[in-house]
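Visitor: I am new to this structure and would like a close look at a single part of it. Please take me through the second largest pocket, and then through whatever can be said about the helices beside it.

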Amino acid sequence: MPFILGAIDYYRPTMIVVDGIADLISSINDEQESVRCVRMLMQMATKYNCSIGGIIHTNKAKDDDNARGHVGTCLYMKVVDMFGVEKKDGVFTLTHMMSRNKENGEKISWTIGEDGVLVRSDKSADVLASEVREQKIKPWRMAFADLGKDHATHGELTEAYKRVTGLKLSSAKSHLNKAQEIGFVVKKDTLYSLI
């Protein structure tokens, strides 16, 4: 906390993001410490006219996505806006969970493209995840179509994948391992097939 305060005082930013609000206190369930932490952040925001964003994990229970611990409860009572980020099948979805100034519930979904650039989508996360999955499985469908059969040996499949994608053999082998991890391609005995 002294480091953050010193940095704000020195740099005078208009916005900061604290990655790990829970790391500012020794126990996320200590009521006094949680209140003191949140109060200090609010005082800094007011004194320096600086927006302060923070990251805090949510509970892991299936039906409980509240911010963790007493510090999460304190933050929930004081924040202006709260967003949740979820990752499913390579698709990130940002949900506007709570706001003091406007209606919440908006969602934005995106993926990370092959070149590392964020690709935004206005489609639902489930639709986008399905499309991403289809894009990833397409070259495998093409490889099996190139072979003209539904089952192939490791060598046959990596060579076919290499032909349809233009990748090197080492990359084709690496992609095959990843496809097995994801579950696009399965191996039974010595033969590979699509799921």
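Guide: What follows begins with the pocket and its lining, and then turns to salt bridges and a surface patch. Please keep in mind that this is a predicted model.

The second largest pocket holds about 730 Å³ of space. Its lining is made up of 25 residues, and those closest to the centre of the pocket are Ile112, Glu114, Val132, Gln135 and Lys136. If you follow the lining along the chain, you meet two strands, E5 (107-112) and E6 (118-121), and three helices, H4 (125-147), H5 (154-165) and H6 (169-182), each of which supplies at least two residues. Helix H4 gives the largest share of this lining, with seven residues. Sorted by class, the lining has twelve nonpolar residues, together with seven polar and six charged ones.

Two of these helices, H4 and H5, can be followed further through their salt bridges. Asp146 and Arg163 form such a bridge, in which the closest N and O atoms are 2.6 Å apart. Because Asp146 lies in helix H4 and Arg163 in helix H5, this pair ties together parts that are 17 residues apart in sequence. Asp146 counts as partly exposed, since its relative accessibility is 38%, a value between the limits of 20% for buried and 50% for exposed.

Another salt bridge joins Lys162 and Glu159, with 4.0 Å between the closest N and O atoms. Here both partners lie in helix H5, three residues apart, which is about one turn of the helix. Lys162 is partly exposed at 31% relative accessibility, and Glu159 is also partly exposed, with a relative accessible area of 31%.

The count for the model comes to five salt bridges. One of them is formed by the side chains of Asp9 and Arg12, at 3.1 Å from N to O. In this pair, Asp9 is partly exposed, with a relative accessible area of 38%, whereas Arg12 counts as exposed at 52%, because the limit for that class is over 50%.

A last stop is on the surface, where Met15, Val17 and Ile55 form a nonpolar patch with about 290 Å² of accessible area together. Among these, Ile55 is found in strand E2, which covers residues 51-55, and Ile55 is partly exposed, with a relative accessible area of 40%.

How values were computed: Residues are numbered from 1 along each chain as its sequence is written. This is a predicted model: local features need pLDDT of at least 70, side-chain atom pairs count only at pLDDT 80 or more; totals for chains, interfaces and linings use all residues. Side-chain values use heavy atoms; hydrogens and water are left out. On a 1 Å grid over the protein atoms alone, a cavity is a set of points where a 1.4 Å probe fits but cannot get out, and a pocket is an open set with protein on both sides within 12 Å along at least five of seven lines; lining residues have an atom within 4 Å of a point. Grid points are joined across faces, edges and corners, and a volume is the space filled by probe spheres set on the points. Helices (H or I, at least four residues) and strands (E, at least two) are DSSP runs, numbered from the N terminus. Ala, Val, Leu, Ile, Met, Phe, Trp, Tyr, Cys and Pro count as nonpolar, Asp, Glu, Lys and Arg as charged, and the others, Gly among them, as polar. Patches are made of residues with over 30% relative accessible area and no salt bridge: like charges are joined within 9 Å, nonpolar side chains (Val, Leu, Ile, Met, Phe, Trp, Tyr) within 5 Å. Accessible areas come from the Shrake-Rupley method with a 1.4 Å probe; for residues, only the protein chains shown count as cover. Buried means under 20% relative accessible area, exposed over 50%, partly exposed in between (1.4 Å probe, protein chains only).
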